[in-house]
Amino acid sequence: MEKETIQDLILRYGVILKKRNTEKQKTAFLRAAQKQLEEAGFTVDITCVAASIMKREAMHTYNLYAGDFNHAGIVFVTYYDTPLLQLLPREQKAFASNWSQGNFLLHTLLFLLCILVMVFLLYSGILPNLQRYDFMSIWGAVLVLVCLSGFYIVRQMRGGMAAGNTMVRNSSSLITLFALASELSKQEKEHVAFALIDEGTRSEYGLKMLDAYLNGRSIKRVYLDAIGNTGRLQCFSRDEISISADMEWHEKRKAMDPYGDILLTRGDFQNSEVILRDDKNDQAIEHIMSTADALHELIRQCFDV
């Protein structure tokens, strides 16, 4: 794929739709992703489950599936939701939700603090002046402004603040799959499907939804995580695979089985794990392009097309 086209995808999914934390942000992304994959020639199905996750109130979880799952022999999987901002730095690892209950509690405390500050401003400053000068004064406008700000904070911070830099987790993997989908031939598309799953950075409930959707179908699952990370392409599988000169192969551990048959990420391999960095990667475009090429080669090897 041309570099200019990759840059267009990065602008759309790495800048404009880079945050996918609230339900509104997720559905906006899913509408764009559906259009993207349909234009590439795939039929799209979006499923929604309302469930209580991680002992919280019931929430909607969305998975997007593209392609003919009844005939496809391989499905490329990655998550699209955005992790919370790490208020306390914590090492992130590939093929893990990296969810921290302590980090979520800090987000909740910050949210409550903002609410308390607004309540204090209302009762100590705005309401006394409102009673003195009437609603049609400048204090009426201040009251409306504070209330609107409060509603916005409640809407945006209720589930925590999303991380600002999402290229590593996990816009880069999404862009890689969109790039791959657009360059497949008609014959190759008959063998390929895609699954964009929710809750990859928290409960990983999207993986359970994918299992239910596959319903025991014999289909090879290739899971992508943090393709925009700094470092070499790392592959985990039970079968030794060679699809890129830039790739290191490792025996897949049993703990990785829920993610799929072949797991791909980028980074430094240390103590049987791949560490994720949140700093900017100047080679992100090249990494996305080379990974898409490697996935294309994997399809050719699997189906001889």
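Okay, let's start with a term: two strands count as paired if DSSP finds at least two bridges between them. Keep that in mind, and remember that what you see above is a predicted model.

So, strand 6. By that rule strand 6 pairs with strand 9, residues 262-270, in the parallel sense, over 4 bridges. If you want a spot to click on, take D225, whose bridge partner in strand 9 is T265. Strand 6 has another partner too: strand 3, residues 74-79, also pairs with strand 6 in the parallel sense over 4 bridges. There, I74 stands opposite K220.

Is strand 6 buried or exposed? Strand 6 runs over residues 220-225, and 5 of its 6 residues are buried, so it is largely enclosed by the rest of the structure. Buried here means under 20% relative accessible area.

While we're among the strands, have a look at A193, which is in strand 5, residues 192-197. A193 is buried, and its relative accessible area comes out at 0%. What does A193 touch, if we skip residues up to four places away in sequence? The contacts are A66, G67, F69, A72, I74, V75 and F76. I74 in that list is the residue we just saw opposite K220 of strand 6. One distance to go with A193: I219 is 26 residues away in sequence, and the C-alpha atoms of the two are 9.5 Å apart in space.

Right, helices. Let me take helix 8 and then helix 2.

Helix 8 covers residues 284-303, which is 20 residues. At 1.5 Å a residue that should give a span of 28 Å, and the end C-alpha atoms are 29 Å apart, which agrees. Which residues of helix 8 are buried? They are A284, I285, H287, I288, T291, A292, A294, L295, H296, L298 and I299. When you look at a list like that, it helps to recall that an α-helix has 3.6 residues a turn, so residues three or four places apart point the same way. Just past the end of helix 8 there's D304, with a positive phi of about 55 degrees.

Now helix 2, residues 23-39. It has 17 residues, and from first C-alpha to last it reaches 24 Å, close to the 24 Å expected at 1.5 Å a residue. Buried in helix 2 are K26, T27, F29, L30, A33, Q36 and L37. And just after helix 2 comes G41, with a positive phi of about 100 degrees.

Let's zoom in on Q36 from helix 2. The relative accessible area of Q36 is 15%, and Q36 counts as buried because the cut-off is under 20%. Leaving out residues up to four places away in sequence, Q36 touches L9, R12, Y13 and F178.

Okay, empty space. Rolling a probe the size of a water molecule over the atoms shows where empty space is left. How many cavities of 30 Å³ or more does the structure hold? The count is 2.

The largest one has a volume of about 60 Å³. Its lining is made up of T82, P83, L84, Q86, S97, N98, W99, S100, N103, T201 and R202. By class, that's 3 nonpolar, 7 polar and 1 charged.

The second largest cavity holds about 40 Å³ of space. Around it you find N21, K26, D81, T82, L84, E199, T201 and R202. That lining splits into 1 nonpolar, 3 polar and 4 charged residues. And K26 is one of the buried residues of helix 2.

Last bit: some backbone spots to look at.

Where is there a cis peptide bond? One joins R169 and N170, with omega about 5 degrees. N170 lies in helix 5, residues 167-183.

Then there's F95, which isn't a glycine but has a positive phi, near 60 degrees. F95 sits in the loop between strand 4, 92-93, and helix 3, 101-133. It's buried as well, with a relative accessible area of 8%.

And E204 is another non-glycine with a positive phi, about 60 degrees. You'll find E204 in the loop between strand 5 and helix 7, 205-214. Strand 5, remember, is where we met A193.

Okay, that's my tour, over to you.

Key
Residues numbered from 1 in each chain as written. Predicted model: local features only at pLDDT ≥ 70, side-chain atom pairs only at ≥ 80, totals over all residues. Heavy atoms only, no water. Helix = DSSP H or I, 4+ residues; strand = E, 2+ residues; numbered from the N terminus. Expected span 1.5 Å × (residues − 1). Buried < 20%, exposed > 50% of the residue type's maximum accessible area, 1.4 Å probe, protein only. 1 Å grid on protein atoms, 1.4 Å probe; cavity = no way out; pocket = protein on both sides within 12 Å on 5 of 7 lines; lining within 4 Å. Points joined across faces, edges and corners; volume = space filled by probe spheres on them. Nonpolar A, V, L, I, M, F, W, Y, C, P; charged D, E, K, R; others polar. Contact = heavy atoms within 4.5 Å.
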